[in-house]
Amino acid sequence: MEMVKTEQTVIGIESRKKTQQNIEAPEREVKGKEKKSREMFAAENGLKGDPRLEAISEAIRVVPHFPKPGIMFQDITTLLLNHKTFKDTVDIFVDRYRDMGISVVAGIEARGFMFGPPIALAIGAKFVPLRKPRKLPGEVISQPYVLEYGKDCLEMHVGAVQPGERVVIIDDLVATGGTLSAAIKLIERVGGEVVECACVIGLPEVKGQQRLNGKPLYILVEPRLIDHCC
């Protein structure tokens with residue numbers, strides 16, 4: 001369980017089960033300190049006052065104390081029930097990446113699979129799933145990583161991303177940045193160029209931004225703290 005605590009809430013991300021390390025990847029050295037990622041909210045990048053962002057935020061359901069006490073779970077399945085809001089979410093990402101020469105949209109299991117494919121289709125890119133261990137049938141390359149309370153691993157089919165291809169990584173929520181960091185390393189190990197990471201939900205200041213090694217991070221909305229229906 002990847003979690004981050006703020007003064008008001010604890011946000012939970014779907015558990016990624018502990019697994020054995022498959023391939024050890026050396027840490028990439030950066031001169032001096034690791035670079036800090038450039039975190040960008042959509043409202044601060046040309047979409048200030050855009051009613052779609054408010055609708056997206058309101059469509060996300062907050063489930064208190066799930067999957068355990070103290071966690072305010074950000075449930076995007078309610079967003080998917082509203083076809084207009086779901087389309088608006090995809091459209092915002094499509095408008096951003098349409099003219100950036102993206103050839104690969106990589107989605108992180110599992111909720112990155114919900115947003116990644118329609119984005120890829122709209123911009124004329126291929127979709128590559130980054131999966132949990134032992135879910136892909138072919139030869140894989142693996143990237144282990146450490147979470148706050150354990151270890152996990154992402155896997156990708158060998159040959160899915162070619163050297164020099166420009167990649168955007170999609171997930172639903174970013175908290176500590178650990179999973180996105182693993183995804184970046186996985187793509188870069190096969191020669192792909194990670195242009196940006198994108199999430200529907202993210203904290204104003206992501207704990208552990210330095211893990212992203214300077215990669216831009218594009219976020220649509222902040223986590224909801226109160227569910228109006230509760």
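In the predicted model, the N-terminal end of helix α3 is capped by N82, a side-chain oxygen of which lies 3.1 Å from the backbone nitrogen of K84. Helix α3 itself runs over residues 83-97 and contains 15 residues. From the first C-alpha to the last, α3 reaches 21 Å, close to the 21 Å expected at 1.5 Å a residue. Within α3, the buried residues are T85, D88, T89, V90, I92, F93, V94 and Y97. These buried residues pack against both helices and strands: the helical partners are α1 (51-59), α2 (77-80) and α4 (112-123), and the strand partners are β10 (166-174), β11 (193-202) and β12 (217-221).

Two residues illustrate the packing of this helix. T85, a member of α3, has a relative accessible area of 5% and therefore counts as buried, since the cut-off for burial is under 20%. Apart from neighbours within four places in sequence, T85 is in contact with A55, I56, A59 and L79. Y97 is likewise listed among the buried residues of α3, and its side chain makes a polar contact of 2.6 Å with the side chain of E196.

E196 is placed in strand β11. Its relative accessibility is 3%, so E196 is classed as buried. When residues up to four places away in sequence are not counted, E196 touches M40, R96, Y97, V167, V168, I169, P216, L217 and Y218.

Helix α5 comprises residues 178-189. Its end C-alpha atoms are 17 Å apart, which agrees with the 16 Å that its 12 residues should span at 1.5 Å a residue. This helix is mostly covered, with 10 of its 12 residues buried. The buried residues are G178, T179, L180, S181, A182, A183, I184, L186, I187 and E188. Just after α5, G191 adopts a positive phi of about 95°.

A contrast to these buried positions is provided by P64, which lies in strand β4 (residues 61-64). With a relative accessible area of 37%, P64 is partly exposed, because this value falls between the 20% and 50% cut-offs. P64 touches I71 and M72, residues up to four places away in sequence being left out. The C-alpha atoms of P64 and Q74 are 9.0 Å apart in space, while the two residues are 10 residues apart in sequence.

Open space in the model was also examined. The second largest pocket holds about 170 Å³ of space. Its lining is formed by F41, A43, E44, L53, S57, L220, V221, E222 and P223. The elements that contribute two or more residues to this lining are α1 and β12. By residue class, the lining divides into six nonpolar, one polar and two charged residues. Both α1 and β12 also appear among the elements against which the buried residues of α3 pack.

For the protein as a whole, five helices and 12 strands are present. Of the 230 residues, 53% are buried. Among contacts with a separation of 6 or more, 67% join residues that are 24 or more positions apart.

Conventions
Residues numbered from 1 in each chain as written. Predicted model: local features only at pLDDT ≥ 70, side-chain atom pairs only at ≥ 80, totals over all residues. Heavy atoms only, no water. Helix = DSSP H or I, 4+ residues; strand = E, 2+ residues; numbered from the N terminus. Expected span 1.5 Å × (residues − 1). Buried < 20%, exposed > 50% of the residue type's maximum accessible area, 1.4 Å probe, protein only. Contact = heavy atoms within 4.5 Å. Polar contact = N/O pair within 3.5 Å; in protein donor to acceptor, adjacent residues only side chain to side chain. 1 Å grid on protein atoms, 1.4 Å probe; cavity = no way out; pocket = protein on both sides within 12 Å on 5 of 7 lines; lining within 4 Å. Points joined across faces, edges and corners; volume = space filled by probe spheres on them. Nonpolar A, V, L, I, M, F, W, Y, C, P; charged D, E, K, R; others polar.
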